[in-house]
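Ready for a short walk through a protein model? Keep your viewer open and follow along, one selection at a time.

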Amino acid sequence: MKLLTHNFLSSHVKGVGPRGFPLRLQASEVRIMPVEFNPDFVARMIPKLSLGEVPTEPIQGYEQNEDFLRTMHHILLEVEVMEGTLQCPESGRVFPITRGIPNMLLSDEQTEA
Amino acid sequence: MAAGPGDRNSGPAASVRFFCTAGRGLEPFLMREVRVRLQAKQVEYVSGKVFFTTCSDLNMLKKLKSAERLFLLIKKQFPFNVSSVNKGKICNEMQRLINDDPESWLNTISIWKNLLELDAKKKRLSQRDANLLKRKMGENDTVITKKLKAEQMQKTQENREYQLEKQAEEETLAQGNFLTSREKLQLEECQNEAAEAAGTPSQNDLTFRVSCRCSGAVAKTFSAQEVGRIIGIALMKQFGWKADLRDPDVEIFIHLNDIYSVVGIPVFRAPLASRAYIRTAGLRSTVAWAMASVAEIKAGALVLDPMCGLGTILLEAAKEWPDAHYVGADVSDAQLRGARDNLKAAGLEDKIALLQVSVVELPLPSESVDVIISDIPFGKKFKLGKDIKSILREMERWESGAQKDELSQDHTATTTQQSSHRRTVQ
């Protein structure tokens, strides 16, 4: 699971609502995977991110700041959490991440197709 | 009629008429695709086939995503009138497909040969360019000899061409100190063209096979095998070609029905619809691509398939529109495993994220998703745990007012916008 994906996830435990973001991430196995740098893509993703306690307006001209974009690219796209857990900050419910895929099924039933 | 095969930088190639078979309902997508991708002209369609003219080379033609198979057009004409006439007369009419106009057959065959040769040549040239670059990077001659030999061992080429190239390289290296690398390249080119001329079958010793499809009134009088035999014999008589049912040089494809009689040569052995980059297909790749094209995925979009299964739709979308973030979700372990394999095999793991979640309990904040595309499970193979109404309600919660496409029970794609206005897209 990439950190970019993690930034879009919010707990769906009943009754939690917007207090379910962000999910607390604990990683036991992390891999760094090189990904081709696409500055335009990174620049477009940045306004979509929820970055918590930061000023809502990004610094002027961040789209042209290559160093900044490369750093964001590395953090968001090249860090891959292979094993770990995601925890709902409000309810405390824990969801495992296995082989890069978070399992956030609330009920225990899984459909085997 | 075809462009000169010898020049690397030949002028604009001649326009060639093709047709593609397409799944029903996909013809409008294919028509748009050939106009956009190939700048095709004279685009027309008749149930299940799209006809068009273009100068594009094989590389571009290979990229068509909404077509089943691609053919060079030999003939398209009115259907055979089977109503009252006797069998013998219709037999004659079928033979006239060939005998009235043998020129167009021979023309199309030579266009087909040129297309394939041009393609093979481009591949060889680009490999040789890669080798030349390595040479230029300051290696000495003995190292080059050994390296070239090693590289050649790894190349996969037809045996005959490989042998000749190897000889050519060794000969040129023997004279090595006298020739510049540019001259070596020219020598190799000459020798390869000689090899090609020797290797390609001339018009007279072409082997062929006839593949026939009959439907409608014609099929009531003639079986596909009968038609195949009539045409096959006429071809042998007219051109002296030999039939080879197992591994022919060229395949002749004939489709006869109530609307048209069409004859063509398939350009590729494998159908375009079977993608090299998809290991295990779920939804048909052509339909998946068409759905993704309706979604109008813009750069920087967050695209979600909440019931992604093996990930076919996301694979087609990420391949064509790579500048978006794709997320696939499914409840099933087995499906996600298959999806992960598919992503790896296609090299698209960086573009597509997978989640094991239920569509009615997606961990996504409201209005966070730009595009939702899905093939909703129905029927016997896959079951939908919750009812479709609650699923659509959830979808409306997280989509941000842009598009979503779903494939519903009768396989018509539905585009829904936040105002819950329903439009059917065919």
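Begin with chain B, where you can find 13 helices and 15 strands. Bear in mind as you look around that this is a predicted model. Chain B has 426 residues, and 48% of them count as buried. Its accessible surface comes to about 21000 Å², with 51% of that belonging to carbon and sulfur atoms. Try showing contacts next: among those in chain B with a separation of 6 or more, 72% are between residues 24 or more positions apart.

Now move to chain A and select its four-stranded sheet. The sheet is open, its strands follow the order β1-β2-β3-β4, and the pairing is antiparallel. Which strands stand at the edges? They are β1 (24-32) and β4 (101-102) of chain A; each has a single partner strand, so one side of each has no neighbour in the sheet.

Zoom in on β2 (residues 79-87) and β3 (residues 94-98) of chain A. These two run antiparallel and are joined by four bridges. To see one facing pair, pick A:Gln87, which stands opposite A:Val94 in β3(A).

Next, add helix α3(A) to the view. This helix lies across β1 and β2 of chain A, and runs at about 60° to β2(A).

For the last stop, select A:Leu77, which sits in helix α3 (residues 66-78) of chain A. Is A:Leu77 buried or exposed? It counts as buried because its relative accessible area is 7%, and the cut-off for buried is under 20%. Beyond its neighbours within four places in sequence, A:Leu77 is in contact with several residues, including A:Lys2, A:Val35 and A:Phe41. Another contact is A:Met33: it is 44 residues from A:Leu77 in sequence, yet 8.2 Å away in space, C-alpha to C-alpha.

Conventions:
Residues are numbered from 1 along each chain as its sequence is written. Chains are lettered from A and ligands numbered from 1 in the order in which they are written. This is a predicted model: local features need pLDDT of at least 70, side-chain atom pairs count only at pLDDT 80 or more; totals for chains, interfaces and linings use all residues. Side-chain values use heavy atoms; hydrogens and water are left out. Buried means under 20% relative accessible area, exposed over 50%, partly exposed in between (1.4 Å probe, protein chains only). Contact means heavy atoms within 4.5 Å. Accessible areas come from the Shrake-Rupley method with a 1.4 Å probe; for residues, only the protein chains shown count as cover. Two strands pair if DSSP finds at least two bridges between them. Axes are lines fitted to C-alpha atoms, for helices over the stretch in contact, and angles run from 0 to 180 degrees between N-to-C directions.
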